[in-house]
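Me: I have a structure to look at and I'm not sure how to read it. Can we go through some features step by step?

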Amino acid sequence: MLAKLFKGELSLGATFWKFGIFGLIILHYALKMFASFLSAHLRGRTIYDFFMHHFHVVYTSKISLWWALCYMATFVVLVLYSYKIVIAVWRAAAAYDKSIWLAQLARIGILIAVFTIWYPILMR
């Protein structure tokens, strides 16, 4: 099913709403959840500061290491998924023949959704 999704073979509605909007929201909140679990162990430091100056595989506590790995894995999945879902919506919109306006709105909408998800993450 994911192969069909990323090829743009699913319907535009399912691609945009179920996998695009809902999928991005789920991954974004998973990232926020792992960030909050990790921040409980950071002793007032930011996540960026933790990874750049204080993170060490051997000397970091095991629970902090676990939440850091969960955070980084979710971050990588969100990066890849964002890229793939924009392409999937773009392809599904190209195959959509009922309304050119809805196809273009879906393309603009997914770009806005990705920007909305990534703006707070990148501006920390």
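Reply: Sure, here is a walk through some helices and a few of their residues. Keep in mind that this is a predicted model.

Me: Let's start with helix α5. How many residues does helix α5 have, and what span should they give?

Reply: The general idea is to count 1.5 Å a residue, taken over one less than the number of residues. Helix α5 covers residues 100-122, which is 23 residues, so it should span 33 Å. Its end C-alpha atoms are 33 Å apart, which agrees.

Me: What caps the N-terminal end of α5?

Reply: That's S99. One of its side-chain oxygens sits 3.3 Å from the backbone nitrogen of W101.

Me: Which residues of α5 are buried?

Reply: To call a residue buried, you want its relative accessible area under 20%. In α5 the buried ones include A103, A106, R107, G109 and I110. Further along you also get A113, V114, I117, W118 and I121.

Me: And what do the buried residues of α5 pack against?

Reply: They pack against two helices: α2, residues 12-39, and α4, residues 62-95.

Me: Let's see the α4 side. Is S82 buried or exposed?

Reply: S82 is in helix α4. Its relative accessibility is 4%, so it counts as buried.

Me: What does S82 touch?

Reply: Here you skip residues up to four places away in sequence, and then S82 touches L24, V114 and W118. With W118 there is also a polar contact: the two side chains are joined at 2.9 Å.

Me: Now the α2 side. Is L31 buried or exposed?

Reply: L31 has its place in helix α2. Relative accessibility is 3% for L31, so you call it buried. Leaving out residues up to four places away in sequence, L31 touches Y71, T74, F75, L78 and I121.

Me: How far apart are L31 and I121?

Reply: There are two ways to answer. Along the sequence, L31 and I121 are 90 residues apart, while in space their C-alpha atoms are 9.5 Å apart.

Me: Which residues does H28 contact?

Reply: H28 is another residue of helix α2. Setting aside neighbours within four places in sequence, it is in contact with L78, I117 and I121. H28 has a relative accessible area of 11%, so it is buried.

Me: What about L38, is it buried or exposed?

Reply: L38 is found in helix α2 as well. Its relative accessibility is 0%, so L38 counts as buried. Beyond residues up to four places away in sequence, it touches I47, F50, F51, S64, W67, A68 and Y71. You can also compare sequence and space for L38 and L65: they are 27 residues apart along the chain, and 8.7 Å separates their C-alpha atoms.

Me: How should I describe I26, then?

Reply: I26 lies in helix α2 too. At 46% relative accessibility, it falls between the cut-offs of 20% and 50%, so I26 counts as partly exposed. Its C-alpha is 18 Å from that of M1, with the two positions 25 residues apart in sequence terms.

Me: Let's finish on the surface. Which residues form the nonpolar patch?

Reply: The patch is made by F115, Y119, L122 and M123. Together they have about 490 Å² of accessible area.

Me: How do F115 and Y119 score for accessibility?

Reply: Both sit in helix α5: F115 has its place there, and so does Y119. F115 has 53% relative accessibility, so it counts as exposed. Y119 has a relative accessible area of 46%, so it is partly exposed.

Me: How far is F115 from S82?

Reply: Their C-alpha atoms are separated by 9.7 Å, and the two residues are 33 residues apart along the chain.

Definitions and conventions. Residues are numbered from 1 along each chain as its sequence is written. This is a predicted model: local features need pLDDT of at least 70, side-chain atom pairs count only at pLDDT 80 or more; totals for chains, interfaces and linings use all residues. Side-chain values use heavy atoms; hydrogens and water are left out. Helices (H or I, at least four residues) and strands (E, at least two) are DSSP runs, numbered from the N terminus. Buried means under 20% relative accessible area, exposed over 50%, partly exposed in between (1.4 Å probe, protein chains only). Contact means heavy atoms within 4.5 Å. A polar contact is a pair of N or O atoms within 3.5 Å; within protein, one must be able to donate a hydrogen and the other to accept it, and residues adjacent in sequence count only if both atoms are side-chain atoms. Patches are made of residues with over 30% relative accessible area and no salt bridge: like charges are joined within 9 Å, nonpolar side chains (Val, Leu, Ile, Met, Phe, Trp, Tyr) within 5 Å. Accessible areas come from the Shrake-Rupley method with a 1.4 Å probe; for residues, only the protein chains shown count as cover. A salt bridge is a side-chain nitrogen of Lys or Arg within 4 Å of a carboxyl oxygen of Asp or Glu.
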